[in-house]
Amino acid sequence: MQGTVNGGRRRGRQKKRWDDNIREWTGFKLKNTLRKAEDREEWKAVVRRSSAAPRRIPDLWDWYANVIANYGRIG
């Protein structure tokens, strides 16, 4: 009735928690990450530096911006 199972956990690696992922991606503890998220500009900087943020290819984006400026949208 308590929702528990007798015995211990199986052997092996422990499950990763959500806040473990946040710490790994940003390099900050959850409390600090939440505080930084309150400031939009500071949060953008955290996301840009995070290990999980996709890396943009500047040359491709510059080329696409040039095409839009000269010829309009593609497709």
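Lys44 and Glu41 pair through their side chains in a salt bridge, at 3.7 Å from N to O. The two residues are three apart in helix 3 (residues 40-49), so about one helical turn separates them. Lys44 is partly exposed, with a relative accessible area of 37%. The model is predicted. Its salt bridges number five.

**Other salt bridges**

- Side chains of opposite charge can pair when their charged atoms come close.
- Glu24 bridges to Lys16, with the closest N and O atoms 2.5 Å apart.
- Glu24 is partly exposed at 45% relative accessible area, whereas Lys16 is exposed at 54%.
- Lys36 and Glu42 also meet in a salt bridge, at 2.9 Å from N to O.
- Lys36 counts as buried because its relative accessibility is 19%, and the cut-off for buried is under 20%.
- Its partner Glu42 is partly exposed, with a relative accessible area of 32%.
- A network of salt bridges links Arg17, Asp19 and Asp20.

**Lys29 and the loop between helices 1 and 2**

- Lys29 sits in the loop that runs between helix 1 (18-26) and helix 2 (30-37).
- Lys29 has 53% relative accessibility, so this residue counts as exposed.
- Asp19 is ten residues from Lys29 along the chain, and the C-alpha atoms of the two are 7.8 Å apart.
- Asp19 is also a member of the salt-bridge network with Arg17 and Asp20.
- The backbone oxygen of Lys29 lies 2.9 Å from a polar atom of the Thr33 side chain.

**Thr33 in helix 2**

- Thr33 belongs to helix 2.
- Thr33 counts as buried because its relative accessibility is 4%.
- Leaving aside residues up to four places away in sequence, Thr33 touches Ile22, Thr26, Phe28 and Trp43.
- Among these contacts, Ile22 and Thr26 fall within the 18-26 span of helix 1.
- Trp43, another of the contacts, falls within residues 40-49 of helix 3.

**The chain as a whole**

- The protein chain has four helices and zero strands.
- In sequence order, the pattern reads α-α-α-α.
- The chain has 75 residues, of which 11% count as buried.
- Thr33 and Lys36 both count as buried, at 4% and 19% relative accessibility.
- The accessible surface of the chain is about 7,600 Å².
- Carbon and sulfur atoms account for 52% of that surface.

Technical notes. Residues are numbered from 1 along each chain as its sequence is written. This is a predicted model: local features need pLDDT of at least 70, side-chain atom pairs count only at pLDDT 80 or more; totals for chains, interfaces and linings use all residues. Side-chain values use heavy atoms; hydrogens and water are left out. Buried means under 20% relative accessible area, exposed over 50%, partly exposed in between (1.4 Å probe, protein chains only). Accessible areas come from the Shrake-Rupley method with a 1.4 Å probe; for residues, only the protein chains shown count as cover. A polar contact is a pair of N or O atoms within 3.5 Å; within protein, one must be able to donate a hydrogen and the other to accept it, and residues adjacent in sequence count only if both atoms are side-chain atoms. Contact means heavy atoms within 4.5 Å. A salt bridge is a side-chain nitrogen of Lys or Arg within 4 Å of a carboxyl oxygen of Asp or Glu.
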